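Reader: Before I rely on any of the terms used for this model, I would like to hear the reasoning behind them. Please take them one at a time.

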Amino acid sequence: MAVLLPTTIDETLAALAATPAALVLAGGTDVMVDVNEGRRRPEHVVCLRRVETLRARSVENGTLVLGAATTYTELLEPEIAAVAPAITDAARTVGSPQIRNAGTIGGNLATASPAGDTLPVLLALGASVEIDGPAGRRRIALQDFLVGPKRSALEPGDLMIAVRIPIRRGPQEYLKVGTRNAMVIAVASLALVVDLDARTVGIGLGSVGPTAFLAAAAAEWLTPRLVWADDRVSLPQAADAATFAGLVAAAAQPIDDHRSTARYRTHAIEVMASRALRRAVQFGAPHRAAT
Amino acid sequence: MPGSILGTAVVRVEDPDLLTGRANFVDDLPISGVLHLTFVRSPVAHARVRSVDMADARAMPGVVAVFAAEDLGLPPYQGLMVLNPACERQPLATDKVRFVGDAVAVIAAESRAAAIDAAEAVVVDYDELPPAIDPERALAPDAPLQFEALGTNRAAAMHAGSDDDVLAGSDVVVRGRFENQRIAVMPMEASAIAVVPGDDGNGHDLTVYVSTQMPHGVANKLSETLGLPVETIRVIAPHVGGAFGGKPGLAAEHLVAVGVARHLGRPVKWIETRSENLVAMPHGRGQVQYVELGCKHDGTIVGLRLRIVGDAGAYAGFGGALALGPTRIMAQGVYRIPAISFDAAVAVTNTTPMGAFRGAGRPEAAALLERIVDLAADELDIDPVDMRRRNFLQPSDFPFTTVVGTTYDSGDYEAALNEALRHAGYDELRAEQRQRRMRGDRWQLGIGVSAYVEVTAGGAGSEFASVTIDTDGGATIRVGTSAHGQGHATSFAMIVADRLGIAMDQVRFVQSDTSEVPRGGGTGGSRSLQLAGNAVVGAADLVLERARQLAAQLLEANPDDIVMTDDGRLAVAGVPASALSWERVAAAAADANEPLAAEFDFRQEGATFPFGAHVAVVEIDVDTGAVRLLRHIAVDDCGRILNPLLVAGQQHGGIAQGVAQALWEQYVYDEQGNPLTSNLADYGMPSAAELPSFETLNTETPTPLNGLGAKGIGESGTIGSMPAVQNAVIDGLSYLGVRHIDMPCSPQRVWSAIRDARAGTLPPVWREPPPVFNSTRDTAGAGVAAEAADDIDI
Ligand SMILES: Cc1cc2nc3c(=O)[nH]c(=O)nc-3n(C[C@H](O)[C@H](O)[C@H](O)COP(=O)(O)OP(=O)(O)OC[C@H]3O[C@@H](n4cnc5c(N)ncnc54)[C@H](O)[C@@H]3O)c2cc1C
């Protein structure tokens, strides 16, 4: 087995171009589990640990750009929490301190597990993924990147460079149900993002389908029923909340496994949809609190 | 005399080494030329082994040897006890594999990495057979057989107690089918062994370093199994990172490691990985309990009928015997129960063999009793506390022999419960519960109560200790117990300090080495302080006796006039100036060519019965079924307390493991016998984030059976907490009509119960037990296992 330790993005791309079958290793928190269990036997490994530029974080024209090798611990930084609080919330629920120190956002997306904690949030935020490789540099909307259960749009030789996240002004929620408080894979998860400027709502769901996905129909149903102000959004008919939660739950296509039953997962999504909405949106006539 | 050190909170002398990483565990030992072992384990639950192709593996770099069963020719493996001799286990599987994880071959290589790689290159041809995974279904007549020659999967069965209808005369009978689920033992350090074959220059032909609770047990079993004189085997347990019943002597892999080392004439070691540990180390619990309790209208218990299915796992693991042993002998619990009828049937299943886990059969007894008593209280509309008070055995009843023939030494069950309720503020909690219910809060309150009694030092009842006064005036203690986290170095040094006035930092502690300690039963079943502690007392007293004679000679006085001074020297009474140091007395003994030392084997006339009462307070989110443990109050009575710090430590750790079983942990297989929870991401072991700080208290009811008045504390926390927490969850939902939820009370199960209660579709708590119990009364030969199980001491 050969391990390459490039230090720049160009070197990395060159290494991958030379051996497209090479395995990209970021934090290794998914890869090493597979290797230990004999599910993967890499002949060539390209390690991202020394590529500092892949961990760059910046804001460009209202877009938060996170290098693909940004770790969960780095996602907890106040600068990120200030512009994308749901990402920080999601990062905080991942694994343990050790896993958060090693695991990366790029690895989470490339693994494309339906339970990946950043996925529902990034979907709800409308994020896209920047990729370079044999087919050239390109951007793919996240929902198109997640092509199937544990399958992404990455092709052999591709490197994920960054995740691009529109900065949205307004409430953001990430809720996760699991079997314990720490070190837990989501049994069901939900992100809700309100954009007060664009006057849109995004709802991402995790662990209730073959991939994480957007509950688009529920969001479409909800948006016209909201009353928008500059600094808040309200739902005049509180009863609409239940219908909304039901629509979100209807979008779920969960399965039974040893962590939970499909029925419980659907129920959990419904409860979380209603809770997230209650936190993000003011219920009742808008003028009452608008003083 | 200054006040005794006994009963005071002395900090642990073993902690500095552990906390600074100076302590050595098996994997840390520098053994030159050591080979690394890796097992090739079955990926299927039940199959015939057609062939094992080791050629590729043998050719791999770094590989020294690869062995299948016939290459080593080892005798069959025997665990702590034999439940059924027809279910013999070969240390490496021969004709069949019987669980996922069953070892088929072993690699010895120069590095661990080489061994792991080679294990993957061994090709085993399996002819898959249908497995029997669920213990109840394994007992059905058409179930696939694990041992064809046995003709059944029933490894053992028995009937005990009354032959009559024990429920006759009841006004009300409550019935429940309870699952006490299979859980993993999960010590922080998994299994580990290093074997050095050949002459050590000190008369040993075999030196074994092993992570175990019972070094002498390992030596004895190796001697029996391999036909080697026991004095040629030296077994050492270095620091051991926890055991919890999972390391009770020789494991099958240990036997293989010894076989390989002797075959190659080279040192080897096997350090188990975590995922391997989750399939290879015996699991605990695993009972399905059919419980019927008859009562009068006022709550007075009339009779108890128990039918229990035990899971023995593959090869009739000894854990299957716990249903026949500890669960049966503790079946009466803390209550006055005029008649008990007990039947148990134990199944072999194609799962990891069952063994012991903290409490080993007693938590299962306490759990079924505390659940059925709550069900009865609910049925009769009596407060669960009153229900218990109406039926408790009373202090004047002791010593008390139960209807299943167990003799309890001492107890005051109501006092412990009263103390727990007082500390918890029971009435206020109930008031808050009512308020939350009236308000229709999302977070409802559940209050669970348990009262338990358990049995400790129930095995052979004897233990060795010696005390030697060293030439520097310090003392060396040797004991046959084998602490692995409990703090014996501290407790036993406290005893010597108390008896002989030697400062604790001058007391040396020797354990866990069969060449240094002539005999010993190891540590398990919460036996150590009461047996070894009292042996240390006995040895120290003999030393003092001899020292007084020596001092009397030196001081030309009568031995009866020699006393110990406040500063720990020996003097003629009233003449402190005459005082002699221990150093001086030891020198005199050495001059007389008879070192100042004594051995003592303490034998206890029977087991002791610790008891207590716990109160758990939980909050339940009725929208999601999430449960939060808010408070846990434990009053555990382990007789007289020698070191309250160590007792509290045992309570905290024990409670955490009981709570974990009640709320999170369960080892799950799919229908094919694939383990679904074989890593820590999937297995629901909690962390500090799930647990509040526990409120631990004690009452002290000394046992008359030993001089220290001590009973065991190692397992009490687990036994008391598990039913209290389960009861709390169910209590929190009782207003909806929920009467039972099996453990673990996961959010999904709790929510399902809420949903079903609201829809009026709650499943019944009872169903008829399987037909296997039609014949348990006339099972011949079952008594053998039952008697052996009586002596079990893990
Ligand atoms: C104990 C434990 C707990 C965990 N808990 C959680 C949890 O709570 N929530 C959760 O969502 N996940 C959890 N995980 C999974 C894992 O930590 C995350 O998915 C993590 O984000 C993976 O990132 P990584 O950098 O470690 O990826 P790696 O393991 O290094 O890589 C994962 C995959 O991504 C590819 N990859 C990585 N970076 C790039 C790139 N820049 N370009 C192209 N391909 C790339 C790799 O080739 C590989 O296929 C847990 C894992 C463990 C072991």
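Author: A residue is taken as near a molecule if its C-beta atom, placed from the backbone, lies within 6 Å of it. The model is a predicted one, and the terms below apply to it as such.

Reader: Why is the ligand site called shared between chains?

Author: Residues from chains A and B surround the ligand, and the site is therefore shared between the chains. The shell holds 32 residues, among which A26(A), G27(A), G107(A), N108(A) and A110(A) come nearest to the ligand.

Reader: What makes α7(A) stand out in the shell around the ligand?

Author: Helix α7(A) supplies five residues, the largest share of that shell, while β2 (23–25), α2 (31–36), α6 (97–102) and β10 (159–166) of chain A are among the other elements that each give at least two. By class, the shell has 19 nonpolar, eleven polar and two charged residues.

Reader: How do you know that chain A is in contact with chain B?

Author: Contact requires C-beta atoms, placed from the backbone, within 7 Å, and by this criterion 15 residues of chain A are in contact with 18 residues of chain B. Helix α12 (residues 262–280) of chain A gives the most to its side, with four residues, and that side comprises seven nonpolar, seven polar and one charged residue.

Reader: What makes domain 2 and domain 3 of chain B count as being in contact?

Author: By the same 7 Å criterion, 19 residues of domain 2 of chain B are in contact with 26 residues of domain 3 of chain B. The side of domain 2 that touches domain 3 has ten nonpolar, five polar and four charged residues, and the centres of these two domains, taken over C-alpha atoms, are separated by 36 Å.

Technical notes
Residues numbered from 1 in each chain as written. Chains lettered and ligands numbered in written order. Predicted model: local features only at pLDDT ≥ 70, side-chain atom pairs only at ≥ 80, totals over all residues. Domains from an automatic or database assignment. Contact = placed C-beta atoms within 7 Å. Nonpolar A, V, L, I, M, F, W, Y, C, P; charged D, E, K, R; others polar.
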